[in-house]
Amino acid sequence: MRIRAAVLEEFGKPLNVTDVDLDEPRAGEVLVRLVACGVCHTDLYTASGVDPSGYAPTVLGHEGAGVVERIGPGVTSLAVGDHVVTLFAPQCRECEHCRSGRTNLCLAIREQQNQGYLPDGTTRLSRDGEPIRHFMGTSTFAEYTVMPEIALAKVRPDAPLEAACLFACGLSTGLGAAMYTAQVREAATCVVFGAGMVGLGAVAGCRLQGAERIICVDLSEERLAMATAQGATDVWQAGPDIVQRIQQETRGFGADYTFEATGLVKVMQQAVEAARMGWGLCTVAGVAGKGETLDVIPRWLIQGRRIAGSSFGGVRGRDQVPQLIDRYMAGEIDVDAFISHRITLAEVNRGFELMEAQDGIRSVIQFG
Ligand SMILES: NC(=O)c1ccc[n+]([C@@H]2O[C@H](COP(=O)([O-])OP(=O)(O)OC[C@H]3O[C@@H](n4cnc5c(N)ncnc54)[C@H](O)[C@@H]3O)[C@@H](O)[C@H]2O)c1
Ligand SMILES: [Zn+2]
Ligand SMILES: [Zn+2]
């Protein structure tokens, strides 16, 4: 079929919204009609050419939600008409990692996905017979996409898809960092560095876990106000003396849990040092620049602090995205506050500009 899609033709250039061909789903694959898709930093990161593992041409986009249009042979967990959230982190439920119950990093289709191919090593996207690669296994800046069944979370049909799409990446990453990676305990003191989509999600996750004190640190007053709305009890301006301030306000100990959601290694260091001696856990969600390293004095670790990395918030997509959406539908997570701009697919480059200007939290593409 012929579809409209936003193609990254060349790094550093605006995306080209154009017609491409999409083949029918093969075994284990599903054709999804996109209804909504968020514009995330990772799309921009790849488009800019900074990402060393990037490739072109490709159809970007990975924060999608839509409706199952057709299923390929052997698909059993999804049916036509189901509402789904796309997962750049699949959950096969069969590999060593899925079965371990200890990680959400499924091993099933990693290699092919990282290179822009569907699990059988080919693409369904093409133009004039030339293959176009699938970005993050999702390619959701498009009217339709073909994805593996194991990379789609079936969600309740009454959840608005423009909100559901945010659970495909940033929001789940933040919520999950607090709920699944750190498993914040009741009455804990938490510090969240960064109040973008990921940090605000972490604030909400800490609140859902019953944290007593949630300190959010950012440079932007506007974003700190959003953190308050998501449940932060304290909002502080970022600065070099922030670790000292956190220690002062916790009787010299530090916070039970800290979260880094900026992607800046200096802030990661602050998040480690602000964690409590004895048991403080620092969860790193931000993605640092290529080649950057995190500087930690070993004494901070000897004193009982721990560091955990978190990819997609540790969320097992097919099992837990539907659970998070249930909590949204129960009124426990204010997702609508994050949708700052609604745009069309043709306006996708404006979505990038808004993000670069830090104008709002999320632009959501609405299809049709
Ligand atoms: N681990 C994952 O699976 C995953 C998924 C999505 C995004 N990410 C990463 O998470 C990070 C955050 O994503 P986002 O969409 O929320 O980004 P964002 O740019 O919207 O938010 C980052 C925030 O950090 C703030 N900030 C800047 N300097 C600061 C400082 N010194 N102290 C405190 N805050 C500071 C900024 O003002 C901004 O509000 C990025 O690095 C992104 O790549 C990771
Ligand atoms: Zn993302
Ligand atoms: Zn798996």
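1. A residue is taken here as near a molecule if its C-beta atom, placed from the backbone, lies within 6 Å of it. With that criterion, and bearing in mind that this is a predicted model, the surroundings of ligand 1 comprise 28 residues, of which Gly194, Gly196, Ala238, Gly263 and Gly286 come nearest. Helix H5 (170–181), helix H6 (197–208) and strand S13 (213–218) are the elements that give two or more residues to this shell, and H6 gives the most, with 3 residues. Sorted by class, the shell around ligand 1 holds 14 nonpolar, 12 polar and 2 charged residues.

2. On the overall fold, the protein chain contains 12 helices and 19 strands, and its C-alpha trace spans about 65 × 40 × 40 Å along the principal axes. The radius of gyration is 20 Å, which agrees with the value near 21 Å that a compact globule of 368 residues would have. Buried residues make up 49% of the 368 residues. Among contacts with a separation of 6 or more, 71% are accounted for by residues 24 or more positions apart.

3. Strand S16 (residues 281–284) deserves a closer reading. In a regular strand the side chains alternate between the two faces of the sheet. In S16, Leu281 and Thr283 point one way while Cys282 and Val284 point the other way, and all are buried.

4. Which strands pair with S16? Strand S15 (residues 257–260) pairs with S16 in the parallel sense over 4 bridges, and Glu260 has Val284 in S16 as its bridge partner. Strand S17 (residues 306–309) also runs parallel to S16 and is joined to it by 4 bridges, with Ala308 in S17 as the bridge partner of Thr283.

5. The connection between S15 and S16 passes through helix H9 (residues 265–273), and the three elements make a right-handed β-α-β unit. The buried residues of H9 are Val267, Met268, Gln270, Ala271, Val272 and Glu273, a list that includes Glu273, which counts as charged. These buried residues pack against S15, S16 and S17, and also against strand S12 (189–193), helix H8 (242–248) and helix H10 (298–302).

6. There is also an open sheet of 6 strands, with the order S8-S7-S2-S1-S4-S9 and mixed pairing. Strand S8 (130–131) and strand S9 (133–134) stand at its edges, each with a single partner strand, so one side of each is left without a neighbour in the sheet. Within this sheet, strand S1 (residues 2–8) and strand S2 (residues 16–22) pair in the antiparallel sense over 6 bridges, and Ala6 stands opposite Val17 in S2.

7. Is Val235 buried or exposed? This residue, found in strand S14 (residues 234–237), has 20 C-beta neighbours inside 10 Å and therefore counts as buried; since the criterion is 20 or more, Val235 meets the cut-off exactly. Leaving aside residues up to four places away in sequence, Val235 touches Cys216, Leu224, Ala227 and Thr228. Between Val235 and Ala285, which are 50 residues apart in sequence, the C-alpha to C-alpha distance is 20 Å.

Conventions. Residues are numbered from 1 along each chain as its sequence is written. Chains are lettered from A and ligands numbered from 1 in the order in which they are written. This is a predicted model: local features need pLDDT of at least 70, side-chain atom pairs count only at pLDDT 80 or more; totals for chains, interfaces and linings use all residues. The radius of gyration is taken over C-alpha atoms; the globule rule is 2.2 Å times the number of residues to the power 0.38. A residue is buried if 20 or more other C-beta atoms lie within 10 Å of its own, exposed if 12 or fewer, and partly exposed in between; C-beta atoms are placed from the backbone. Two residues are in contact if their C-beta atoms, placed from the backbone, lie within 7 Å. Two strands pair if DSSP finds at least two bridges between them. A crossover is right-handed if, with the strands pointing away from the viewer, the path from the first strand over the helix to the second runs clockwise.
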